[in-house]
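Q: Please take a close look at one strand of this structure and the pairing around it. Then follow the connections outward, and give the cut-offs for the terms you use.

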Amino acid sequence: MAEKLKIIPLGGLDEIGKNITVLEYGRDMIVVDCGLGFPDEEMYGVDLVIPDFSYLVANAKKLRGMFVTHGHEDHIGSIPYCMQQVSCPIHATAMANGLIRLKLEEHRLADKVKLVTHKPGDVVRAGCFSVEFIHVNHSIADAVAFAIKTPVGTVIMTGDFKIDPTAKDGMIDLARLGELGNQGVLALLCDSTNVERSGYSQSERMVAESLDRQFKNCDQRIIVTTFASNMMRIQAVLATAHRYGRKVAVTGRSMENMLKVAQELGYLKVPSGLIVDLAAVKSLPKNKVVIVSTGSQGENMSALYRMAFSTHRQIELQPGDRIIISASAIPGNEKAISRIINELYRKGTEVVYEKSEGLHASGHASQEELKIIHGLVKPRFFIPVHGEQRHLQIHSKLAQLMGTPARNVRILENGNVLEFTGKTCKLTGSVPAGKVFVDGSGVGDVGSVVLRDRKHLAQDGMLVVYVNLSSQDGSILTGPEIITRGFVYVKESEALMEELRTIAQEAIERCQRKRVRDWSTIKSAIKNDLSGYLFKTTKRNPMILPIIMEV
């Protein structure tokens with residue numbers, strides 16, 4: 001039987017972030033992007049969410065290369081974790097590779113991974129695949145789409161993109177996409193993030209004009225926070241500061257790293273003497289200072305967060321400071337951002353953010369831009385990617401509106417295996433594609449059971465029952481003692497504590513009368529009696545941990 005092309009998303013579907021897709025044909029396999037996701041409110045203590053790489057590990061001998069569309073965390077953040085388990089060259093543009101190199105250095109992998117830098121228009125052979133880099137517009141420099149030629153047809157993967165005719169790095173290469181469409185495209189995998197928005201996305205040039213209005217006639221210190229990766233936005237801030245005679249200081253590790261990489265690669269033009277050390281800010285007049293900071297998403301450890309809650313070592317906010325938040329909220333971050341904004345207002349600062357000013361332009365295509373891509377590419381099959389379920393469903397209807405038959409539109413789940421011939425497309429199974437949690441230096445050691453326990457502790461607290469039993473006859477020597485955390489305030493609940501000690505003691509004595517000497521049975525008896533009583537009297541269900549010591 002002839003081989004078939006397999007497209008297998010391991011992440012990025014029914015979620016925002018964690019983008020990674022496998023293309024496989026016979027003995028060859030390539031991977032497009034390798035991003036991470038951020039934990040939601042119920043992932044207590046989890047730092048990052050990365051894809052399950054077990055399918056890549058099991059097929060490591062087939063892996064011919066990893067191709068990266070751009071340098072955002074949701075597309076490159078998991079690369080170090082992946083490269084610890086498999087080995088292959090990484091193909092990306094200069095900006096993306098600069099950021100990937102920083103990540104690999106942090107994980108001490110820089111000498112073990114081969115990075116290959118390409119420009120739009122380059123074509124790379126990887127086994128039976130031929131991958132063409134196509135220039136697109138996005139909120140980070142050097143973003144590309146891929147036209148992947150396979151033995152059964154061409155697959156176009158847009159990556160994250162929008163259409164910006166006034167972009168400083170040139171408009172998306174619609175001509176090339178149209179050429180490929182005329183030649184025939186087997187499948188289109190297209191960004192769905194902004195499919196709910198009608199019309200067109202705003203240009204970055206409009207944001208630059210909004211920034212100019214905020215700087216003009218302002219005699220106070222200005223603090224700007226935006227995505228560290230948005231070099232076009234940061235370039236606009238630097239140019240505006242220079243125009244109004246202000247010096248710029250930078251705070252936040254990711255922002256400092258990004259500026260370093262962007263300057264080294266020539267993506268950021270910085271006038272001589274414009275950027276000063278953060279320590280020099282105090283000696284400058286307020287109307288001569290701009291501080292560029294991380295923290296646009298309300299992150300707890302970010303520079304803006306530390307300023308808002310007075311824990312920043314070098315910057316103390318003052319009444320009258322103008323704080324410009326030039327970013328929109330990533331879904332799930334709205335509460336964190338609102339909290340920071342409220343705290344900034346409490347400090348007497350003037351806060352200017354997207355809802356009140358045109359200070360952010362999305363990097364993702366809205367409906368009319370998506371229609372243009374569908375009209376140019378004219379794919380036989382369409383797979384919406386990069387979005388939650390509602391985004392994928394809405395995008396599938398848009399594709400049908402643009403002429404793709406409903407039977408040729410596939411809404412997949414992470415791990416689905418979609419097989420293609422030149423004319424057919426069929427879902428044939430699934431592979432492992434879950435979420436792997438990173439907690440500190442631990443990768444994958446926090447699973448659903450641990451998260452369930454953490455959630456239980458967070459909601460109801462815990463109660464420890466400590467007792468010493470005789471090794472001779474199982475009688476109680478000392479205790480039971482009751483220790484609680486996050487359940488009740490002990491000093492105001494002495495009667496309840498005494499009742500719990502009595503119930504635990506009766507459970508142990510009941511086991512003793514039955515000549516039960518098995519510790520697990522005694523612990524179960526204590527736990528069952530206490531949990532039943534606590535739920536009946538307090539309507540709470542704390543975690544109960546009996547500890548028995550035999551003396």
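A: Val22 of strand β2 is the bridge partner of Ile8. Strand β1 (residues 5-11) runs antiparallel to β2, and 6 bridges hold the two in register; strands are said to pair if DSSP finds at least two bridges between them. Strands and helices here are DSSP runs, numbered from the N terminus: a strand is E over at least two residues, and a helix is H or I over at least four. The model is predicted, so local features need pLDDT of at least 70 and side-chain atom pairs count only at pLDDT 80 or more, while totals for chains, interfaces and linings use all residues. Residues are numbered from 1 along each chain as its sequence is written, and side-chain values use heavy atoms, leaving out hydrogens and water.

Strand β2 also pairs with strand β3 (residues 28-32), again antiparallel, through 5 bridges. Within this pairing, Thr21 has Val32 of β3 as its bridge partner. The hairpin of β2 and β3 has 2 residues between the strands, and Gly26 there takes a positive phi near 60°.

In a regular strand the side chains alternate between the two faces of the sheet. Ile20, Val22 and Glu24 point one way from β2, whereas Thr21, Leu23 and Tyr25 point the other way, and all are buried. Buried denotes under 20% relative accessible area, exposed over 50%, and partly exposed the range in between, with a 1.4 Å probe and protein chains only. Because 6 of the 6 residues of β2 (residues 20-25) are buried, the strand is largely enclosed by the rest of the structure.

Some of these residues meet Leu56. With residues up to four places away in sequence not counted, Leu56 touches Leu10, Ile20, Val22, Met29, Val31, Cys82 and Val86, where contact means heavy atoms within 4.5 Å. The largest nonpolar core has 68 residues, of which Leu56, Met66, Ile79 and Met83 touch the most other members. Such a core is a set of buried Ala, Val, Leu, Ile, Met, Phe, Trp, Tyr and Cys residues joined through side-chain atoms within 4.5 Å. The most residues in this core, 6, come from helix α7 (residues 231-243). A second core is separate and has 31 residues, among them Leu13, Leu186, Ile383 and Leu412.

Helix α7 also takes part in salt bridges, each defined as a side-chain nitrogen of Lys or Arg within 4 Å of a carboxyl oxygen of Asp or Glu. Glu204 and Arg233 form one at 2.7 Å, N to O. Glu204 lies in helix α6 (residues 204-215) and Arg233 in α7, so this pair ties together parts that are 29 residues apart in sequence. Glu204 counts as buried because its relative accessibility is 11%, and Arg233 counts as buried because its value is 1%. Between Asp212 and Arg243 there is another salt bridge, at 2.8 Å, N to O. Asp212 belongs to α6 and Arg243 to α7, so the pair ties together parts that are 31 residues apart in sequence. Elsewhere, Glu15 and Lys18 are joined by a salt bridge at 3.1 Å, N to O, and both residues are buried. The whole structure contains 18 salt bridges.

Helix α7 also leads to α4, since α7 is included in what covers the buried residues of α4, together with α2 (73-76), α3 (79-83), β6 (90-93), β7 and α8 (253-265). The buried residues of α4 include Met95, Leu99, Ile100 and Leu104. With 13 residues, α4 reaches 19 Å from its first C-alpha to its last, close to the 18 Å expected at 1.5 Å a residue; the expected span is 1.5 Å times one less than the number of residues.

After α4 comes Arg108, in the loop between α4 (94-106) and β7 (115-118). Most residues other than glycine have a negative phi. Arg108 has a positive phi of about 60° although it is not a glycine, and this residue counts as exposed because its relative accessibility is 75%. Asp142, in the loop between β9 (129-135) and β10 (144-150), likewise has a positive phi, of about 70°. At 17% relative accessibility, however, Asp142 counts as buried.
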